[in-house]
Each structure stands twice: as C-alpha cells, then as structure tokens.
Amino acid sequence: MANAQKVTITVSTKGQVILPSAIRHRRDWSAGTRLLVEETADGVLLKPAPVFAETR
C-alpha cells in the first residue's frame, strides 16, 4: 500500500479497537470477519483468517 493512511485509534478498556470504515471497506471486512493477529518486529499485523481450518 504505497499511500498508506496513518490514523490514530484508541484501545478500549476491554481491549477493543475500531478500524476506520475506509480501511474496512477497502479490505472488504464486514461485521463478523475473523482476523488473525500476528505480532511482528514492526508492530501488529491483521490478516483475514482462513474460512476453513488448515488440513494435512
């Protein structure tokens, strides 16, 4: 994302954050979308969780 938009959000007392609607719309993340949270050296990465569990 070359033109990454920087916004400031707040963590609630319950540990919740609200992603800006523009980001949710670009990513097509609607209510109920499951996300994987990965901690990296640069910060925290959110990725959509696979619809089905990984199989062998």
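**Exercise 1. Place Val 11 in the chain, and decide whether it is buried or exposed.**

Step 1. In this predicted model, Val 11 sits in the segment before α1, the helix of residues 21-27.

Step 2. Next, look at its accessibility. Val 11 has a relative accessible area of 55%. Exposed means over 50%, so Val 11 is exposed.

Step 3. Now see which residues join it. Val 7, Ile 9, Val 11 and Val 17 make up a nonpolar patch on the surface. Together these residues have about 310 Å² of accessible area.

**Exercise 2. Describe the surroundings of Val 17 and Pro 20.**

Step 1. Start with location. Val 17 lies in the segment before α1, and Pro 20 is found in the segment before α1 too.

Step 2. Check the accessibility of each. The relative accessible area of Val 17 is 41%, and that of Pro 20 is 25%. Partly exposed covers values between 20% and 50%, so Val 17 is partly exposed, and so is Pro 20.

Step 3. List the contacts, setting aside residues up to four places away in sequence. On that basis Val 17 touches Ile 9, Thr 10 and Val 11. With neighbours within four places left out, Pro 20 is in contact with Val 7 and Ile 9.

Step 4. Finally, try two distances across the model. From the C-alpha atom of Val 17 to that of Glu 38 is 15 Å, with their positions 21 residues apart along the chain. The C-alpha atoms of Pro 20 and Leu 45 are separated by 15 Å, and these residues are 25 apart along the chain.

**Exercise 3. Explain what is notable about the phi of Asp 28.**

Step 1. Find the residue: Asp 28 is in the loop between α1 and β1, the strand of residues 35-40.

Step 2. Recall the general pattern. Most residues other than glycine have a negative phi.

Step 3. Compare. Asp 28 has a phi near 60°, which is positive although the residue is not glycine.

Step 4. Add its accessibility. Asp 28 counts as exposed because its relative accessibility is 67%.

**Exercise 4. Find which side chains meet in a salt bridge.**

Step 1. The structure holds one salt bridge.

Step 2. Think about what allows such a pairing. Side chains of opposite charge can pair when their charged atoms come close.

Step 3. Name the partners. Here the side chains of Lys 47 and Glu 38 meet, at 3.3 Å from N to O. A salt bridge requires a distance within 4 Å, and this pair fulfils that.

Step 4. Check how open the partners are. Lys 47 counts as partly exposed, at 36% relative accessibility. Glu 38 is also partly exposed, with a relative accessible area of 36%.

**Exercise 5. Step back and describe the protein as a whole.**

Step 1. Take the secondary structure: one helix and two strands, in the order α-β-β from the N terminus.

Step 2. Turn to dimensions. The radius of gyration is 13 Å, whereas a compact globule of 56 residues would have one near 10 Å. The C-alpha trace spans about 40 × 30 × 30 Å along its principal axes.

Step 3. Consider burial and surface. Buried residues make up 4% of the 56 residues. The protein exposes about 5,700 Å², and carbon and sulfur atoms supply 53% of that area.

Step 4. Bring in the record. An unreviewed UniProt entry places the feature "domain: SpoVT-AbrB" at residues 9-54. Over residues 9-54 the chain is 15% helix and 26% strand, and the end C-alpha atoms are 32 Å apart.

Note on methods. Residues are numbered from 1 along each chain as its sequence is written. This is a predicted model: local features need pLDDT of at least 70, side-chain atom pairs count only at pLDDT 80 or more; totals for chains, interfaces and linings use all residues. Side-chain values use heavy atoms; hydrogens and water are left out. Patches are made of residues with over 30% relative accessible area and no salt bridge: like charges are joined within 9 Å, nonpolar side chains (Val, Leu, Ile, Met, Phe, Trp, Tyr) within 5 Å. Accessible areas come from the Shrake-Rupley method with a 1.4 Å probe; for residues, only the protein chains shown count as cover. Helices (H or I, at least four residues) and strands (E, at least two) are DSSP runs, numbered from the N terminus. Buried means under 20% relative accessible area, exposed over 50%, partly exposed in between (1.4 Å probe, protein chains only). The radius of gyration is taken over C-alpha atoms; the globule rule is 2.2 Å times the number of residues to the power 0.38. UniProt positions are given in the numbering used here, feature names are shortened, and annotations may be inferred rather than shown by experiment. Contact means heavy atoms within 4.5 Å.
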